[in-house]
Amino acid sequence: MDSPSSIEEVMYLDRMNDLSAKTKGHVYITPECGLCDQIIHANEWTVACENRNPLYILPRFYRSNVGVIVLGNEDCLSPLYLTKKFRFPKSREAIKSVDELTLCQRLQCKMCDMAHLSVTIHTNCYRVFQQSYHREDAMDPIWVASAWKFLWRHRPPQRKPRLDLTDTTLVSIGGPVAEAICIPGLASLPQEVLQMVRSYIPSNLLWRYSLIQSTAE
Amino acid sequence: MSRPFRNPFEPEQAATRFSLAAVKAWKRGVQGMDAACDESESELFIVRLTVDCLGLKEIQRLQVWPEYNHIRSNTCAYVSFTQGQANRSFISSKVSSLLTSWEPLLILNKFGRAFIENPHDSRDFQFWDTPSPPVRGLQMLPRPDRPGSIRYRTVDLLNTTGLTFFFLRGFIMAVHSHTANSPVAAPTIQHFSRHEQDHMIWTYIPISSTDSLLRIGVGDAWQRHIEVSFRII
């Protein structure tokens with residue numbers, strides 16, 4: 001990126017400068033994944049989003065428990081920036097920096113109140129969405145699928161109510177997912193049986209990924 | 001009334017923006033938004049939003065506050081805007097990158113999702129688990145003394161044989177209504193962590209169909225008085 005060769009790259013660099021001026025501050029992170037709604041455990045890998053080209057800095061490999069943060073632009077309509085993956089901090093008191101951002105979990109923080117809307121996502125969920133979305137740039141749909149889950153940008157972000165609306169009785173396993181885990185027969189099971197399977201392994205990644213895959217498609 | 005919004009950095013993507021008060025009806029995934037510039041319509045109305053696990057699901061315009069109808073949902077939440085609140089809010093809808101031209105009043109969208117921008121005081125909004133919150137007959141509505149939207153859950157006493165209250169460190173964490181379809185209270189606390197479940201205490205109160213319940217109060221160790229809101233129907 002030393003010598004920008006295209007209009008896009010110049011715009012991209014402008015955005016980066018703009019970003020560092022605006023967002024060097026805090027961003028409030030929640031231990032809840034914006035895509036699968038499950039808890040992100042301490043030391044799990046995560047990413048966060050602001051306005052950067054996602055493909056450019058996307059981590060090349062992921063462990064199962066990693067995340068990112070996606071940070072939105074001022075009006076919350078589009079993603080602005082995607083952080084590098086990071087391990088979710090252990091305690092609310094732990095201050096962690098990723099890129100230019102300070103990840104904050106304090107329940108009261110004036111600096112977080114000023115920050116752009118952001119969502120925290122498991123890196124794996126991010127990747128599953130990206131793979132299932134069969135077009136090049138999945139960043140915008142990922143933003144809409146995660147940040148727009150709550151109706152508006154809640155202020156203060158720390159007091160956003162957990163709506164907890166996931167319908168656990170709705171389970172479906174698509175053919176590709178069933179094949180990927182080498183149990184192709186799973187895709188042809190009736191709902192009732194799938195629900196029983198789910199009740200034995202309620203927090204298995206399988207259910208998360210099936211949900212994300214169907215959202216992306 | 002409506003004006004398109006375009007993100008200059010992402011010319012392929014577009015969002016369309018309306019005043020929420022101008023939207024007559026909208027459903028996620030359904031092509032188009034029935035928005036109208038109807039300043040002529042002077043009657044007061046309420047805008048009811050339905051939310052599910054994917055986000056905004058439906059926008060409806062109601063002329064009157066709905067009568068309580070015993071419907072409740074675990075997978076949908078409902079929030080109502082007064083006309084004034086709707087006037088001050090805008091709704092953005094994400095349009096497919098494939099569409100280069102579009103009508104301002106008919107949005108064909110690929111993602112089919114919408115987002116509201118931006119109730120300035122989130123404190124004013126109450127999420128309910130019923131599309132027709134029985135607000136009118138309520139004698140009191142508990143409010144936590146902290147900012148932020150509130151999520152209310154209702155327990156319908158119709159066909160209920162008893163209530164189980166779950167407490168953790170003096171606070172009500174859950175209420176289970178025992179009915180023919182859900183006789184056992186255990187599933188109600190399944191989503192709490194093992195640690196929380198181990199430290200909960202619970203109390204069961206049978207409710208007879210021949211008695212009428214007037215009020216339930218809960219006193220706790222700190223001499224605070226928590227009242228559970230009831231409306232007898």
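Which residue in β14(B) does Phe165(B) stand opposite? The partner is Thr203(B), and this pair makes a handy entry point into the structure, which is a predicted model.

**A three-stranded sheet in chain B**

Let us start with the strands around that pair. In chain B, three strands form an open sheet in the order β13-β12-β14, and their pairing is antiparallel. The edges are taken by β13, residues 171-178, and β14, residues 201-206, each of which pairs on one side only. From one strand to the next, the twist averages 20°. As general background, strands of a sheet pair through backbone hydrogen bonds, in either a parallel or an antiparallel way. Strand β12 of chain B covers residues 162-168 and is joined to β14(B) by six bridges, the two strands running antiparallel. Within that pairing, Phe165(B) faces Thr203(B).

Now step along to Phe166(B), which also belongs to strand β12 of chain B. Is Phe166(B) buried or exposed? Its relative accessibility is 4%, so Phe166(B) counts as buried, the cut-off being under 20%. Leaving aside residues up to four places away in sequence, Phe166(B) touches a set of residues that includes Phe171(B), Ile172(B), Met173(B), Ala174(B) and His176(B). The list of contacts goes on with Ala185(B), Ile189(B), Met200(B), Ile201(B) and Trp202(B). Gln197(B) lies 31 residues away from Phe166(B) along the chain, and the C-alpha atoms of the two are separated by 9.4 Å.

**Loops worth a look**

Another stop in chain B is the loop between β6 (55-62) and β7 (77-82), where Ser73(B) is found. Which backbone nitrogens does the side chain of Ser73(B) reach? One belongs to Thr75(B), at 3.1 Å, and another to Cys76(B), at 2.9 Å. Beyond its neighbours up to four places away in sequence, Ser73(B) touches Tyr78(B) and Asp129(B).

His70(B) is found in the loop between β6 and β7 of chain B as well. Its phi is near 65°, a positive value in a residue other than glycine. Chain A offers Asp37(A), a non-glycine residue with a positive phi of about 65°. Asp37(A) sits in the loop between β1 (26-28) and β2 (45-48) of chain A.

Here are the accessibilities of these loop residues:

| Residue | Relative accessible area | Class |
|---|---|---|
| Ser73(B) | 12% | buried |
| Asp37(A) | 16% | buried |
| His70(B) | 32% | partly exposed |

Why does His70(B) not count as buried? Its relative accessible area is 32%, whereas buried means under 20%, so His70(B) is classed as partly exposed.

**The nonpolar cores**

Finally, consider the interior. The largest nonpolar core has 40 residues, and those with the most contacts inside it are Leu35(A), Leu103(A), Ile121(A), Cys125(A), Phe129(A) and Ile212(A). Several elements of chain A each supply at least two residues of this core: the strands β3 (67-72), β4 (79-82), β7 (101-104) and β8 (118-122), together with the helices α4 (123-132), α5 (139-147) and α8 (205-216). Which element gives the largest share of this core? That is α5(A), with six residues. Apart from this core lies another one, of 25 residues, and among its members are Leu163(A), Val23(B), Phe125(B) and Phe127(B).

Key
Residues are numbered from 1 along each chain as its sequence is written. Chains are lettered from A and ligands numbered from 1 in the order in which they are written. This is a predicted model: local features need pLDDT of at least 70, side-chain atom pairs count only at pLDDT 80 or more; totals for chains, interfaces and linings use all residues. Side-chain values use heavy atoms; hydrogens and water are left out. Two strands pair if DSSP finds at least two bridges between them. Helices (H or I, at least four residues) and strands (E, at least two) are DSSP runs, numbered from the N terminus. Axes are lines fitted to C-alpha atoms, for helices over the stretch in contact, and angles run from 0 to 180 degrees between N-to-C directions. Buried means under 20% relative accessible area, exposed over 50%, partly exposed in between (1.4 Å probe, protein chains only). Contact means heavy atoms within 4.5 Å. A polar contact is a pair of N or O atoms within 3.5 Å; within protein, one must be able to donate a hydrogen and the other to accept it, and residues adjacent in sequence count only if both atoms are side-chain atoms. A nonpolar core is a set of buried Ala, Val, Leu, Ile, Met, Phe, Trp, Tyr and Cys residues joined through side-chain atoms within 4.5 Å.
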